[in-house]
Structure formats: C-alpha cells, structure tokens
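Colleague: I am new to this model and would like to learn how to read it. Could you take me through it one feature at a time?

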Amino acid sequence: MEFVLSELSAQVMTARAAQRPLLIRGGASKRFYGEATDLEDLRSHAVLDMSGYRGIVNYQPSELVITARAGTLLSEVEAALAEKNQMLAFEPPRFAASSTLGGCVASGLSGPRRMAAGSLRDFLLGAKLLDSSGVVLEFGGEVMKNVAGYDVSRLLAGSMGIFGPLVEMSLKVAPKPFEEATVVLEASEADALTLLNRWRGQPLPISATCWQEVGNGGQLWVRVSGSQSAVTSGLQKIEGSTVDETQARAFWNSLRDQTHAFFQSRPLWRIAVPPKTPPLNLGSTLIEWNGGQRWLGATLPAAELRARVAQCGGHASLFRYDSKPSGIPVFHPLADGLMDISRRLKQALDPVGIFNPKRLFSEF
C-alpha cells in the first residue's frame, strides 16, 4: 500500500506543477452532492482515484476504535464491526455498494441515529491528509485527548475534499444496542413536533424518529434502543403500534440510504432548524432528528426559502437538484468569520487550488 500512496503523491505533485485541477473520487456514490462540477471533462481536470488505497489498518474492539484507509468500502468496515457486535453509531448513508469510508467522512453525512449518538464529526478521532505538495499530514490520533489550537481532523469532516484527499482516518465505534423496537403513531406534523419536544425532556431511549406525510395526515415513526428493560419502559410511555422487526429495519434503512420515496423529490432541500421550530409550511416535508432535520420538496425561490429558514435560526442546503439557478450556492452561505477560516485553511493546505475546486464553495 505504500507504493499506492507514493503513486497518489506523484499524481498530486504532477497536477500541482501543471496547475491542473484534481477531482478526488472514491466510490463515486456522492457525485450528486455539492456544487455541480464536470467530473468527466478530463481535458481540464484529472481524477485522483482513491479506491485502490484501501484496507483496515487497525481495529481494537476493546478500545472502540477503528482506523482504515480512505478507499476502504463502507460495507467492509461495517462487516468487521458487526463481527464484534459493534457499529458506526452515526449511521452514515450507504448510497451504493461502492461507498467508501473516505467519501463518508469527506461528505460528513449522518443517518437516523445521529439525533441520539452524535454526528460523524463527533466520532472522527484523527485523519491523514495528502496536501498539494504531496506530503501526508497527520491530525489527531486514535484516542480521545486534549488538543491545542484547532482540531483540524474534525474540520475535514464534510469538507468535500477541498483541502486535499483524506488517505486514512480513525473513528470511534460503539456497541450495538441489546434490543431495538419501532412503533408508529398517527399524528399531524404539528402534533408530531409537540410529542417530540415532550419526549426530548424525558429519559426515553429514543434512537431515531421520522414524521412523514400520509394522505391528509401523517405518521410518526419512533425507534427505541437499549437494554430490554429500557426498551420496554420506553414503549409503554410512547405507546403507538409496534412495527414488525423486518419492516422497521427496511424503513430505517430507507431513510439512512435515502431510498425512501420522499428523496426522489426535486429540488430536495435539507433544512436544519432548532427542534422546537413549528411546522415551516414551505412544501412537502419529511422530518428527522426530533424535528432538527427537515427534508423539503419545495419550489420556492432559494433566497426566499433561506430567508424564511434563517428567521427560525436555521439554514438550508440544496441537497439534490436537476438544475440549479445561476448564482444560487448549494450550501447555505457561511458567516464571514467562518468563511475566512475555511479560506485560510484552503490557502495553507492547497495554495494552488487544485483540489475539488468549487465543490464546496463557489468562491474557491
């Protein structure tokens, strides 16, 4: 594998010398995500294929840490963890069988369990990055510890490769819950949000929630996880109709992997708001994370939609689209201070600007 890494370094140095943009690619399962770029136009771009740099480097089940190379298939990582009854608690989306761990971290996306366990960024202990001079930089490590200055490894989560290709990463893992069960309640959007806000203040072992429109009303799906006694107690307090285990698993996987019918909406907006926010009434809606994440199929002008969401203390990203209006960024514009940090980090790690140009920000 050292030879493969040397090859990647050589490709980066060649691209830098020629000032030719490099598009970083792993399993190509998230090509839809982010600002539109022409991934096939090799006359102006080169592709840095990370899929060959793969393999689990270190896995210590007793320490709840796994370290793997960027091209390692997400399915391979999850299979290794499952053998020890462990998991990636943030449930990263598996958009395709080709999904890699590097792409998972670079996109920074988390699934249904994020509301209870935390986001991908919370589980990233360390990372190795290939900078534009072909040098491997190491940030963080394999244990939880205090760090001085910026925790750069966590800044790399969700960076979409604009700072350089991730070549290796260490992640905290978690034991699988002893027991899980899912119930469904009939509820309007407003009633569902009221229930979620009420439950959030109680010691309930809720690990995932989802409200979806059904006919003129809606259904609130709730998953509880933990010990047998905790699950039993939680179900008694939540009430609702128990869902068959196979059906429940299929439903939560459809949310995690975004195969649920709602994700076919175009344009599809991803809205982050404080969980207590009442119904937005901006269009067809699916709600996750106790009300904190709302998927919206809406055709409102982007500026108006973002202004409405910002009034609620949230932000909106154009997650999927067939065509994007000119001048409209995919991701909600950052505050000047945060944008300045990103620009400085880009300048430090990729001063020539060859890595995934304009994939995250239209400015660079």
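Modeller: Happily! Let us begin with one residue: leaving aside residues up to four places away in sequence, E78 touches L88, R94 and R256. Contact here means heavy atoms within 4.5 Å. Before we go on, this is a predicted model, where local features need pLDDT of at least 70 and side-chain atom pairs count only at pLDDT 80 or more, while totals for chains, interfaces and linings use all residues. Residues are numbered from 1 along each chain as its sequence is written, and side-chain values use heavy atoms, with hydrogens and water left out.

Colleague: Where does E78 lie, and is E78 buried or exposed?

Modeller: Helices (H or I, at least four residues) and strands (E, at least two) are DSSP runs, numbered from the N terminus. E78 lies in helix α2, residues 74-83. Buried means under 20% relative accessible area, exposed over 50%, and partly exposed in between, with a 1.4 Å probe and protein chains only. At a relative accessible area of 18%, E78 is therefore buried.

Colleague: How many salt bridges does a search of the whole structure find?

Modeller: A salt bridge is a side-chain nitrogen of Lys or Arg within 4 Å of a carboxyl oxygen of Asp or Glu. The search finds 14. One of them pairs E35 with K324, with the closest N and O atoms 3.3 Å apart. That pair links distant parts of the chain, 289 residues apart: E35 is in the loop between β1 and β2, and K324 is in the loop between β17 and α11. E35 is buried at 6% relative accessible area, whereas K324 is partly exposed at 27%.

Colleague: What separates E245 and R249 in helix α9?

Modeller: About one helical turn, because they are four residues apart in that helix, which covers residues 245-256. Their salt bridge has its closest N and O atoms 2.9 Å apart. E245 is exposed at 56%, and R249 is partly exposed at 43%. Our starting residue returns here too: salt bridges that share partners join E78, R94, R256 and D257 into one network.

Colleague: Which domains is the chain divided into?

Modeller: Domain bounds come from an automatic or database domain assignment. Here, domain 1 is 1-176 + 338-349 and domain 2 is 179-320. Their centres, taken over C-alpha atoms, are 28 Å apart.

Colleague: What area is buried between domain 1 and domain 2?

Modeller: Buried area is the accessible area (1.4 Å probe) that two parts lose on being put together, summed over both. It is about 1,600 Å² for these domains, and carbon and sulfur atoms give 53% of it. On the domain 1 side, R94, P112 and M115 lose the most area to domain 2, together 42% of what that side buries. There are four salt bridges between the two domains.

Colleague: Last topic: which strands do bridges join to β14?

Modeller: Two strands pair if DSSP finds at least two bridges between them. Strand β14 (residues 268-272) runs antiparallel to β17 (residues 315-320), with five bridges, and antiparallel to β16 (residues 293-297), with four bridges. Look at I271: A316 is its bridge partner in β17, and R294 stands opposite I271 in β16. For a parallel case, see β1 (residues 22-25) and β2, which pair over four bridges. Side chains alternate along β2 (residues 46-49): A46 and L48 point to one face and are buried, while V47 and D49 point to the other and are not.
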